[in-house]
Amino acid sequence: MESQVIIGIVIAIIAVVAVLYGVGFFMRRKNQEKLNDLEKRKEELFDLPVIEEVDEVKKMHLVGQSQNTFREWSQKWTDLSTASFAELESQIFEVENLNETFRFLKGQAAVKDAEETLVMMEEEVKAIRQGLKELRESEERNSLQVQQALDVYEELKKNLREEGATYGPAYAELQKQVKNIEIEFTQFVTLNTSGDPVEAREVLEEAEKHTYELQDLMKRIPVVYEELNKTFPAQLKEIEDGYKKLLEEKFKFPEENFENDIHRVARRIENSTADLAKVEVAAVEVANRDTAHEIDTLYTVMEREIDAKKYVLKNRQVIEEYINHSMKNNRQLLIEIDHTSQSYTLNHNELGRVRGFQTEIDELVRRHGIYLPQLESNEIPYSEIQGFYKDAYHILDDIENQQVEIDESLRELRKDEKVAQEKIEAFELQLRNLKRFVEKQRLPGLPGDYLEFFFLTTDRVEELGKSLNKIRINIDEVNKLVAICEEELVILDTRTKELVDAAALTEQLMQYANRYRHSHPEVKAAIEHGLVLFNEEYRYQDALDEIATSLERVEPGAFTRLEGFYFNHRDLV
């Protein structure tokens, strides 16, 4: 038993040792793999051509800011290739030592430190190489861009030399700017050839900026100078000559300072020319737009008076005839109103309106009388007369339209009277026919409400007749009565037909219901009460309703059948 315990302990110890060995072997192998990766990355970093790149930039003999930048990158490489590489070698050696002596956990920490150092070195080498590359390429970029800017500059010099006249007073200032740009390019070349491409780049950017700004100015200046030197002066000369000619032709202008306006535009042109000499192109462009607008305004003023003269000469006789025509129409309309008012009541202030037209016409005559002598003696602008003529046309057109409207309304009075006379005859005939129609039915009597409405309609027709027989007929009142009579006669006709139909149907229904008189007491009672309603009270519709109701109880559908037969054969009944 004791020997078995000892054997178990020995086996357990062997198992623990085996596990520890396996763990140790695995950790050692892992550390070794990381160590191999570090060695490989270190060799790749050592193999990069950083020294060659440093020497290549060094041969460029940089100075100034470029030289300072190069020194910073060179010093960083020196520090990295000595201290940092030495530290990395030391860390790798330590990892190897720890790994060989089975201190695996410390070995793992050492591997991590070495990896961090290597990552830092890789990033620094990358930054150093990028900085050296930018220094190397900056000179190449400068060379390419300076050639482009120089091409533009040479073209500007050529244009200024060959087409200097197109720049007018701006020529001297443009020459100065060309000279300044030339100085900037010279400074750039000096810096670039002496080995300072960074500072040279800054100077080049200024030279390029000034070159392209000058190019833009030299494109815009000939346009504004053409306006100041030729277009505007020629237009002003044309305006001055035209103005003098119009004055000789006795034109008057409502603008008292027209000549001063011409001189003000001339001074504006002079001021813009002075601004152009200082190459203030933007200000000149704005001023030229204003100048062009003012010149257009001057043209417009003269064209307005020329056109106004043509209008006045063309319409002078016409407007006089139109005023006389309107005055004649108004007189005739006043006579017509006076004549018509003896027979008709005028309800729409016709007389007051026509008198108002006369006041407006008199005012036009008064104004025309003032303007005509001034026009004859050339004391008034044609545009003012034109304005008066246009106002007069508008007023006279409005007056004539209303005169025609009033004249037509007066003529309508007679037409409406004639129509009303014809209608009253028709109304009286219709009343007589309705009366005869009812009498032919030989009814025992007529309901009171029907008689009342019949007499009301008759009175309304008589009232219409009285209105038409007045010394002064009020057509508005007559037309209103005509409409009422038409409406009431339609109602009376309908009520008459309903009355007659109800009476006739009642008689037929009584005859038909007699067959149930002895067999159905309720039918008998309905017939007897219906006779009272029919013969004594003349309530034909009520009698019809009562008999129809009792008959429908005995013989459903009988009333509908009899009613349909009646309306389909009314002429036979």
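UniProt positions are given in the numbering used here, feature names are shortened, and annotations may be inferred rather than shown by experiment. This is a predicted model, in which local features need pLDDT of at least 70 and side-chain atom pairs count only at pLDDT 80 or more, while totals for chains, interfaces and linings use all residues. Residues are numbered from 1 along each chain as its sequence is written, and side-chain values use heavy atoms, with hydrogens and water left out.

**Exercise 1.** Find the residues that UniProt lists as "coiled-coil region", then look at 396-430 in the model.

*Solution.* Start with the record: the unreviewed UniProt entry gives residues 111-166 and 396-430. Next, check the second span: residues 396-430 are 100% helix and 0% strand (helices are DSSP runs of H or I, at least four residues; strands are runs of E, at least two). Finally, take its end C-alpha atoms, which lie 50 Å apart.

**Exercise 2.** Work out which parts the salt bridge between Arg220 and Glu285 ties together.

*Solution.* First, recall that side chains of opposite charge can pair when their charged atoms come close. Here a salt bridge is a side-chain nitrogen of Lys or Arg within 4 Å of a carboxyl oxygen of Asp or Glu. Arg220 and Glu285 meet at 2.9 Å, N to O. Now place them: Arg220 sits in helix H6 (residues 197-248) and Glu285 in helix H8 (residues 281-341), so the pair ties together parts 65 residues apart in sequence. Last, check exposure (buried is under 20% relative accessible area, exposed over 50%, partly exposed in between; 1.4 Å probe, protein chains only). Arg220 is partly exposed at 24%, and Glu285 is partly exposed at 22%.
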